[in-house]
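Please open the structure in your viewer and keep the selection panel at hand. The stops below are meant to be followed in order, each one beginning with something to select.

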Amino acid sequence: MPLIEFRSVSHHFEVAGTTRPVLHDIDLRLTEQRIAVIGANGSGKSTLARMLNGLVIPAAGTVAIDGLDTSKQARAIRRRVGFCFTNPDAQIVMPTVAEDVAFSLRRHRLSRSDVDARVAATLAAYGLSGHSDHPAHLLSGGQKQLLALAAVMVTEPDLLVLDEPTTLLDLPNTRAFADRIRELDAQVVAVTHELEIVEDFDRVLVVHEGRISHDGTPTDALAHYRKLWA
Amino acid sequence: MSSPLGLYVPGSSPLHRLPAGAKLLGLVAAAIATHWISTPTRVGLAALVVVVLYVVARIPLRVVGDQARPMFLFAVVLGAFQLVVAGWRTAVVVVGVLVLLMLLATLVTLTTKTSALLETVVRATRPLGGIGIDPERIGLVLALGIRSVAVILNLAAEIREAQWARGVRLGGRTFAVPLLVRSLRHADALGEALAARGVDD
């Protein structure tokens with residue numbers, strides 16, 4: 001598994017002329033396969049996730065994936081780190097399902113037949129084979145999120161970052177999506193409010209007011225999180 | 001919701017198999033050939049050709065209806081204007097030529113995958129690379145433009161529903177402002193997603 005390192009990471013946003021701190025002095029070494037990040041809205045967990053593939057560069061400190069600094073080696077980082085957003089509509093670029101998955105491979109210097117084969121295999125793996133030529137905007141919410149995941153996984157990333165991927169899904173689709181995540185060989189960092197799906201993760205971080213307030217097993221972390229808001 | 005902009009209808013007809021570049025050139029040739037369509041009889045003959053092409057492409061009648069509907073209002077307004085200022089023959093020729101060309105353009109998009117159209121555009125604009133214009137970027141802009149139509153229509157429908165639910169009367173400002181704000185938010189999120197997918201790499 002890739003080694004994820006946060007070294008003395010702090011960050012803030014400028015909002016209407018004022019500085020709003022988001023993360024305070026985070027130090028982490030993550031090597032487990034499935035890591036969950038939970039916390040209240042505005043706690044800083046999405047910012048932490050966005051730092052993993054260089055979408056947010058920390059104001060202080062460094063974030064590294066297997067020694068690659070996200071602030072200096074963005075291209076290498078993005079080849080290794082896939083990112084799945086909350087709203088799949090913002091992530092789907094091409095009009096049809098197969099075209100959107102193929103879009104992820106456009107810079108991989110593959111032949112047309114290789115691209116077609118990888119797209120077909122990925123769509124089959126995510127239960128979307130029957131929709132390959134369908135307009136992406138006509139898919140259901142669950143299918144759109146699977147498409148967003150397929151479009152990331154077709155590039156075979158070493159690390160997959162999920163930012164609240166089940167927020168817009170109903171219970172059956174949430175469970176189906178969680179099952180897909182369980183089957184992945186890649187390392188996964190999932191930011192979520194869906195406490196049920198993190199119960200079998202290897203490690204759970206609780207983010208509270210910009211700090212890691214707990215870091216441990218799912219049972220302990222969930223108990224800590226519930227106590228925070230009791 | 002039906003597919004806006006005549007998005008691809010899967011099929012294996014001769015028109016589906018024809019390369020995208022050939023279809024685009026055919027469309028340009030058809031536009032040039034409209035100079036020859038100067039009488040209602042010729043409009044009728046051209047219409048017959050278009051109908052035959054739709055039959056050959058095996059486009060379902062429902063899809064044809066979906067695509068033709070937005071042209072109807074335009075045709076009625078333009079036809080009425082031409083009828084008043086230039087007579088019925090000119091009205092038939094002007095409206096007929098424009099509607100037939102739009103139907104042909106729609107047939108191209110109905111029988112061609114967007115990715116194939118974009119590849120053709122990228123190939124055709126490759127010489128512009130010499131003056132610093134990135135052809136891949138042109139293709140991406142077109143793809144995002146096509147995709148954004150569906151997204152904006154969805155946003156508009158959501159805003160309409162939300163305002164009806166709250167009993168707010170739809171007006172220019174109460175509709176346009178939230179649509180603009182949500183479109184800009186979507187553009188922000190899309191930019192972030194493109195960066196995550198390595199578009200700038």
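The tour goes from chain B to the interface and then to the sheets of chain A.

**Before selecting anything**

The model is a predicted one, in which local features need pLDDT of at least 70 and side-chain atom pairs count only at pLDDT 80 or more, while totals for chains, interfaces and linings use all residues. Residues are numbered from 1 along each chain as its sequence is written, chains are lettered from A and ligands numbered from 1 in the order in which they are written, and side-chain values use heavy atoms, with hydrogens and water left out.

**Stop 1: chain B as a whole**

Select chain B and show it as a cartoon: it has eight helices and zero strands, where helices (H or I, at least four residues) and strands (E, at least two) are DSSP runs numbered from the N terminus. The C-alpha trace of chain B spans about 55 × 50 × 35 Å along its principal axes. Of its 201 residues, 36% count as buried; here buried means under 20% relative accessible area, exposed means over 50%, and partly exposed lies in between, with a 1.4 Å probe and protein chains only. Among the contacts in chain B with a separation of 6 or more, 71% are between residues 24 or more positions apart, a contact being heavy atoms within 4.5 Å.

**Stop 2: two residues of chain B**

Select Ser13(B), which sits in the segment before helix H1 (14–17) of chain B. Is Ser13(B) buried or exposed? Ser13(B) is buried, its relative accessible area being 0%, and, leaving aside neighbours within four places in sequence, Ser13(B) is in contact with Val56(B), Ala57(B) and Arg58(B).

Next select Val84(B), in helix H4 (residues 61–86) of chain B; this residue counts as exposed, at 70% relative accessibility. Drawing a C-alpha to C-alpha distance from Val84(B) to Leu61(B) gives 33 Å, for two residues that are 23 residues apart in sequence.

**Stop 3: crossing from chain B to chain A**

Select Thr114(B), found in helix H6 (residues 114–124) of chain B. Thr114(B) counts as buried at 5% relative accessibility, and, not counting residues up to four places away in sequence, Thr114(B) touches Pro95(A), Glu99(A), Leu7(B) and Ile146(B).

Now widen the selection to the whole interface, to which chain A gives 26 residues and chain B gives 32 residues. The area buried between the two chains (the accessible area, with a 1.4 Å probe, that two parts lose on being put together, summed over both) is about 2,700 Å², and carbon and sulfur atoms give 54% of this area. Val93(A), Asp133(A) and His137(A) are worth highlighting, as they supply 21% of the area that chain A buries against chain B, more than any other three residues.

Asp133(A) also forms a salt bridge with Lys113(B), in which the closest N and O atoms are 3.3 Å apart. The rule finds four salt bridges across this interface, each being a side-chain nitrogen of Lys or Arg within 4 Å of a carboxyl oxygen of Asp or Glu.

On the side of chain A that touches chain B, the elements that give two or more residues are helix H2 (74–80) and helix H3 (97–103) of chain A, and H3(A) provides the largest share, three residues.

**Stop 4: the open sheet of chain A**

Select the four strands of the open sheet in chain A, which has the order S2-S1-S4-S5 with antiparallel pairing; two strands pair if DSSP finds at least two bridges between them. Strand S2 (18–30) and strand S5 (68–69) of chain A stand at the edges with a single partner strand each, so one side of each is left without a neighbour in the sheet. Strand S1 (residues 4–15) and strand S4 (residues 60–65) of chain A pair in the antiparallel sense over five bridges, and to locate one of the bridges, select Arg7(A) and its partner in S4(A), Thr62(A).

**Stop 5: strand S7 of chain A**

Finally, select strand S7 (residues 159–163) of chain A, where five of its five residues are buried. Leu159(A), Val161(A) and Asp163(A) point one way from S7(A), whereas Leu160(A) and Leu162(A) point the other way.

Which strands pair with S7(A) in the parallel sense? Strand S6 (residues 81–84) of chain A does so over four bridges, with Gly82(A) partnered by Leu160(A), and five bridges join S7(A) to strand S8 (residues 187–191) of chain A, again parallel, with Val161(A) partnered by Val189(A).
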